[in-house]
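Open your viewer, put the backbone in cartoon style, and keep the selection box within reach. We will walk from one stop to the next, picking out a few residues at a time.

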Amino acid sequence: MKNHLISIILGCMVMLCALAGCQSDESPEASVSVPPTNPTTNIPVESNAVQSDSVKSDYPKSVEEGILTRQDIQRIYYGPTETLLISTPDTLYWYDVSQNKILSQRPTDNWLKVAFYPVGNTLCAVVTVAVGESTGGSASSTDAETMCIFFDEKLQEIETVNLCNLGDNSDFIRCAAVSGNGGKIAYATQDKLYCYDRGSDTLDLVLDFSRENMENNYGLSSISSVSFASSADRILFCGNSFSLPLAEGQHSYMTYGGIYLDGAGLQNLPFQDFEAGSLVSSTGGYMIFEESMKSASGKVAVIDAEDMSQQVYSLGSIKEGTSGLFCSQGGRYYATEEVGTNSLTLRVYERATGQLACTHTFEDASAEYFYRTPSVYIIDNQKLCIVKLGGFNEISSKVVMFAL
């Protein structure tokens, strides 16, 4: 009898444990906002941001401790795969997201503008620097130079190429880009496109798009952004063009295209059912464009760099396009934002299909975090999204992260 009673009690306990397990599996854990903790102290990291029901509670380790919890982060840039460049007022950090590790650091440089390009496992920074005195904190065509600074694994400068000193060039450089292996640099002036070969120290004129050549160049009148195709044998660009035949009084419109390094195979193509505002990303063999705010209708254009084919995807609403477009490190995703007084709704889409991958809403009692559009960074391989709030003027920064 006693043994039989023990058996009944044990059976009931097993059933209760099973029921508890089922309820745990089915319960919406994502709806519970669990503050991340520092594993060394088990003390929650301060944050009053509230995530939506779709946010997972298993915060990545990189938000629990380390550089991303600093409140003085000014800018974040993509580095080589799964790494970021994080800028504070006095230091630039090269940060490995997957290892939650600072790889190296250096004092912050007084650059007017910077864009980082992965060169294998190292970096090149395309920077605009002031020359002499400038006014208003910005550079004009007469008081700035564009340089490509190559770094080693320790963020030590190993070579600097001043693009303004190449050949007999003295024109203002509008845009520049570095090939994936760092061997070539493409840049555009007001009316010419060049390619510099570091190995042979030679500069080639790829395209002259001055006014007298407009008809031969399919109406191309300016280039505002350049990048290299994955094979590095072509330069991709976007710019402005005029309709042909040329006529007085007409307005230019944005186009995209490509050209081989020897100047052959020029393509300059118009957008179909889409008025482009700017090129957001040229990564992984694709160019992604946001819509012009003058005629926003809730669309995104994706260009396949291999055949220059165009795909236009519709967003969930027109408002999504008004706060900017953000692309992932490898080009697998793009994201949109809708910013409210104390909230941010972030939607992440698959680049290949235009399908919505996830939606997250962040709320914070401090409205100052939403005075400017928060920045979004997505690490493709980890399906990890990083959102930086604040970090300008006297407003501290805050980083919120979640897994897609």
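**Stop 1: a four-stranded sheet**

In this predicted model, begin by selecting β8, β9, β10 and β11, which form an open sheet in the order β8-β9-β10-β11 with antiparallel pairing. Colour β8 (113-119) and β11 (157-162) separately, as they are the edge strands, each pairing on one side only. From one strand to the next, the twist averages 20 degrees.

Now keep just the pair β9 (residues 122-130) and β10 (residues 144-151) on screen. Eight bridges link these two strands in the antiparallel sense. Which residue of β10 is the bridge partner of Leu 123? Select Phe 151 and you have that partner.

Follow the chain into the loop between β10 and β11, where you will find Leu 155. Check the backbone torsions here: Leu 155 is not a glycine, yet its phi is positive, about 60 degrees. Leu 155 is also buried, with a relative accessibility of 0%.

One more pick around β10: show Phe 150 and Arg 198 as sticks. The charged end of Arg 198 sits over the Phe 150 ring, 3.6 Å from the ring centre.

**Stop 2: rings around β4**

Next, display the aromatic side chains, where the count comes to ten aromatic pairs. Select Tyr 77 and Phe 116, whose ring centres are 5.1 Å apart; with the planes at 65 degrees, the pair is edge-to-face. Because Tyr 77 belongs to β4 (residues 75-78) and Phe 116 to β8, this pair ties together parts that are 39 residues apart in sequence. Are these two residues buried or exposed? Both Tyr 77 and Phe 116 are buried.

Then step along to Tyr 78 and add Tyr 377 to the selection. Their ring centres lie 5.9 Å apart and their planes meet at 85 degrees, so this pair is edge-to-face. Here the link joins β4, which holds Tyr 78, to β28 (residues 375-379), which holds Tyr 377, so the parts tied together are 299 residues apart in sequence. Tyr 377 counts as buried, at 7% relative accessibility.

Before leaving β4, select Glu 82 in the loop between β4 and β5 (83-87). Its phi is near 65 degrees, a positive value in a residue other than glycine. Glu 82 counts as buried, with 18% relative accessibility, where the cut-off for buried is under 20%.

**Stop 3: β17, β18 and an aromatic cluster**

Move on to the loop between β17 (234-241) and β18 (253-260), and centre on Pro 245. What kind of peptide bond joins Leu 244 and Pro 245? The bond is cis, with omega about 0 degrees.

Show Arg 234 and Tyr 260 next. The charged end of Arg 234 sits over the ring of Tyr 260, 6.0 Å from its centre. Then select Tyr 256, Phe 271, Phe 274 and Phe 289 together, since they form one aromatic cluster.

**Stop 4: two hairpins, β28 to β30**

Go back to β28 and extend the selection to β29 (residues 384-392) and β30. Strand β29 is mostly covered, with nine of its nine residues buried.

On one side, β28 and β29 pair in the antiparallel sense over five bridges. Look across from Ile 378 and you will see Cys 385 of β29 opposite. These two strands form a hairpin with four residues between them, and in its turn Lys 383 has a positive phi of about 50 degrees.

Then turn to β29 and β30 (residues 395-403), which pair in the antiparallel sense over eight bridges. Select Leu 389 and its bridge partner in β30, Lys 398. This hairpin has two residues between its strands, and Asn 393 in the turn shows a positive phi of about 50 degrees.

**Last stop: the cysteines**

How many disulfides does the structure hold? The answer is zero. Return to Cys 385 and draw a distance to the sulfur of Cys 358: that is the nearest cysteine sulfur, 7.0 Å away, and Cys 385 is in no disulfide. Cys 385 counts as buried, at 0% relative accessibility. Finish with Cys 195, also buried, with a relative accessible area of 5%.

Notes. Residues are numbered from 1 along each chain as its sequence is written. This is a predicted model: local features need pLDDT of at least 70, side-chain atom pairs count only at pLDDT 80 or more; totals for chains, interfaces and linings use all residues. Side-chain values use heavy atoms; hydrogens and water are left out. Two strands pair if DSSP finds at least two bridges between them. Axes are lines fitted to C-alpha atoms, for helices over the stretch in contact, and angles run from 0 to 180 degrees between N-to-C directions. A disulfide is a pair of cysteine sulfur atoms within 2.5 Å. Buried means under 20% relative accessible area, exposed over 50%, partly exposed in between (1.4 Å probe, protein chains only). Rings of Phe, Tyr and Trp (its six-membered ring) pair if their centres lie within 6.5 Å; planes under 30 degrees apart count as stacked, over 60 as edge-to-face and the rest as tilted. A charge sits over a ring if NZ of Lys or CZ of Arg is within 6 Å of the ring centre and within 35 degrees of the ring normal.
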